[in-house]
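Biologist: I should like to examine this model residue by residue. Please display the sequence and the structure before we begin.

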Amino acid sequence: MTSPSKWVHYDVARNRLLVQIGELDHLIDQEQSTTAPDAAKIEALENEQSALIEQSDMLSADDLDLTSKIASPDWTGQRQ
(Lines give C-alpha, C1' and ligand atoms only; values in the text may rest on other atoms or scores of the structure.)
Protein backbone atom coordinates (compact mmCIF):
# COMPACT_ATOMS: atom_id res chain seq x y z
CA MET A 1 0.00 0.00 0.00
CA THR A 2 1.37 3.39 -0.92
CA SER A 3 2.12 5.88 1.80
CA PRO A 4 -0.68 8.31 0.85
CA SER A 5 -3.19 5.44 0.80
CA LYS A 6 -1.92 4.29 4.19
CA TRP A 7 -2.61 7.74 5.64
CA VAL A 8 -6.02 8.00 3.99
CA HIS A 9 -7.04 4.69 5.59
CA TYR A 10 -5.67 5.90 8.93
CA ASP A 11 -7.59 9.20 8.73
CA VAL A 12 -10.84 7.46 7.79
CA ALA A 13 -10.38 4.85 10.53
CA ARG A 14 -9.57 7.47 13.17
CA ASN A 15 -12.56 9.60 12.18
CA ARG A 16 -14.92 6.63 12.23
CA LEU A 17 -13.75 5.68 15.70
CA LEU A 18 -14.20 9.26 16.92
CA VAL A 19 -17.71 9.42 15.45
CA GLN A 20 -18.67 6.17 17.20
CA ILE A 21 -17.17 7.42 20.46
CA GLY A 22 -19.25 10.59 20.12
CA GLU A 23 -22.40 8.61 19.36
CA LEU A 24 -21.86 6.50 22.47
CA ASP A 25 -21.33 9.65 24.51
CA HIS A 26 -24.68 10.93 23.25
CA LEU A 27 -26.40 7.63 24.12
CA ILE A 28 -24.87 7.70 27.60
CA ASP A 29 -26.06 11.28 28.12
CA GLN A 30 -29.55 10.36 26.91
CA GLU A 31 -29.78 7.41 29.27
CA GLN A 32 -28.48 9.43 32.20
CA SER A 33 -31.08 12.12 31.60
CA THR A 34 -34.06 9.75 31.72
CA THR A 35 -36.24 9.72 34.81
CA ALA A 36 -35.06 6.21 35.64
CA PRO A 37 -31.57 5.70 34.19
CA ASP A 38 -30.63 2.06 33.56
CA ALA A 39 -27.27 1.66 35.30
CA ALA A 40 -26.52 -1.60 33.49
CA LYS A 41 -27.17 0.01 30.10
CA ILE A 42 -24.99 2.99 31.00
CA GLU A 43 -22.19 0.69 32.14
CA ALA A 44 -22.40 -1.35 28.92
CA LEU A 45 -22.28 1.81 26.81
CA GLU A 46 -19.36 3.16 28.84
CA ASN A 47 -17.48 -0.13 28.46
CA GLU A 48 -18.03 -0.08 24.72
CA GLN A 49 -16.93 3.55 24.57
CA SER A 50 -13.79 2.76 26.58
CA ALA A 51 -12.92 -0.07 24.20
CA LEU A 52 -13.27 2.26 21.21
CA ILE A 53 -11.20 4.96 22.92
CA GLU A 54 -8.49 2.41 23.62
CA GLN A 55 -8.61 1.22 20.01
CA SER A 56 -8.41 4.83 18.82
CA ASP A 57 -5.44 5.54 21.08
CA MET A 58 -3.63 2.44 19.81
CA LEU A 59 -4.43 3.05 16.13
CA SER A 60 -1.38 3.38 13.93
CA ALA A 61 -1.05 4.18 10.25
CA ASP A 62 1.38 1.26 10.11
CA ASP A 63 -1.30 -1.21 11.23
CA LEU A 64 -2.59 -1.66 7.71
CA ASP A 65 -4.92 -4.54 8.53
CA LEU A 66 -6.77 -2.67 11.27
CA THR A 67 -6.93 0.69 9.51
CA SER A 68 -8.15 -0.96 6.29
CA LYS A 69 -10.76 -2.93 8.23
CA ILE A 70 -12.11 0.17 10.02
CA ALA A 71 -11.91 2.28 6.84
CA SER A 72 -13.96 -0.34 4.98
CA PRO A 73 -17.54 0.73 4.16
CA ASP A 74 -18.72 -2.52 5.80
CA TRP A 75 -17.24 -1.67 9.23
CA THR A 76 -19.89 -0.91 11.81
CA GLY A 77 -17.81 -0.76 14.95
CA GLN A 78 -18.57 -2.67 18.12
CA ARG A 79 -22.30 -2.00 18.19
CA GLN A 80 -24.28 -4.20 15.88
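Biologist: In which helix do W7 and Y10 both lie?

Modeller: W7 and Y10 are three residues apart, about one turn of the helix. Helices here are DSSP runs (H or I, at least four residues; strands are E, at least two), numbered from the N terminus. An α-helix has 3.6 residues a turn, so residues three or four places apart point the same way. Both W7 and Y10 belong to α1.

Biologist: At what pLDDT do side-chain atom pairs count in this predicted model?

Modeller: Residues are numbered from 1 along each chain as its sequence is written, and side-chain values use heavy atoms, with hydrogens and water left out. The model is predicted; totals for chains, interfaces and linings use all residues, local features need pLDDT of at least 70, and side-chain atom pairs count only at pLDDT 80 or more.

Biologist: Are the rings of W7 and Y10 stacked or edge-to-face?

Modeller: A search of the whole structure finds one aromatic pair. The rings of W7 and Y10 have centres 5.6 Å apart and planes at 80°. Rings of Phe, Tyr and Trp (its six-membered ring) pair if their centres lie within 6.5 Å, with planes under 30 degrees apart counted as stacked, over 60 as edge-to-face and the rest as tilted. The pair of W7 and Y10 is therefore edge-to-face.

Biologist: Is Y10 buried or exposed?

Modeller: Buried means under 20% relative accessible area, exposed over 50%, and partly exposed in between (1.4 Å probe, protein chains only). W7, at 43%, is partly exposed. Y10 has a relative accessibility of 18%, so its class is buried.

Biologist: How far apart are the C-alpha atoms of L59 and Y10?

Modeller: L59 is placed in the loop between α2 and α3, and it is buried at 8% relative accessible area. Contact means heavy atoms within 4.5 Å; leaving aside neighbours within four places in sequence, the contacts of L59 are Y10, A13, R14, L17, L66, T67 and I70. L59 and Y10 are 49 residues apart along the chain, and their C-alpha atoms are separated by 7.8 Å.

Biologist: Which helix supplies the largest share of the largest nonpolar core?

Modeller: A nonpolar core is a set of buried Ala, Val, Leu, Ile, Met, Phe, Trp, Tyr and Cys residues joined through side-chain atoms within 4.5 Å. The largest has 14 residues, and those with the most contacts inside it are L17, L52, L59 and I70. At least two residues of this core come from each of α1, α2 and α3. The largest share, six residues, is supplied by α1.

Biologist: Why do the buried residues of α3 lie on the same side of this helix, and what arc do they cover?

Modeller: Helix α3 spans residues 64-71, and its buried residues are L66, T67, I70 and A71. These residues lie on the same side of α3 because, around the axis, they cover an arc of only 125°. The arc is that of the directions from the helix axis to the C-beta atoms. On the other side of α3, D65 and K69 are exposed; the value for the buried set is 125°.

Biologist: Which helices do the buried residues of α3 pack against?

Modeller: T67 is buried, with a relative accessible area of 0%. Beyond its neighbours within four places in sequence, T67 is in contact with H9, Y10, A13, L59 and S60. With the same exclusion, I70 is in contact with A13, R16, L17, Q55, L59 and W75. The buried residues of α3 pack against α1 (3-32) and α2 (39-58).

Biologist: With which side chain does the side chain of S56 make a polar contact?

Modeller: S56 lies in helix α2 and is buried, at 4% relative accessible area. Not counting residues up to four places away in sequence, it touches R14, L17, L18 and I21. A polar contact is a pair of N or O atoms within 3.5 Å; within protein, one must be able to donate a hydrogen and the other to accept it, and residues adjacent in sequence count only if both atoms are side-chain atoms. The side chain of S56 makes such a contact, at 2.4 Å, with that of R14.

Biologist: What is the radius of gyration of the protein chain?

Modeller: The chain has three helices and zero strands. The globule rule (2.2 Å times the number of residues to the power 0.38, for a radius taken over C-alpha atoms) gives 12 Å for 80 residues, and the chain's value is well over this, so it is more spread out than a compact globule. The C-alpha atoms fill a box of roughly 50 × 20 × 15 Å along the principal axes. The radius of gyration is 15 Å.
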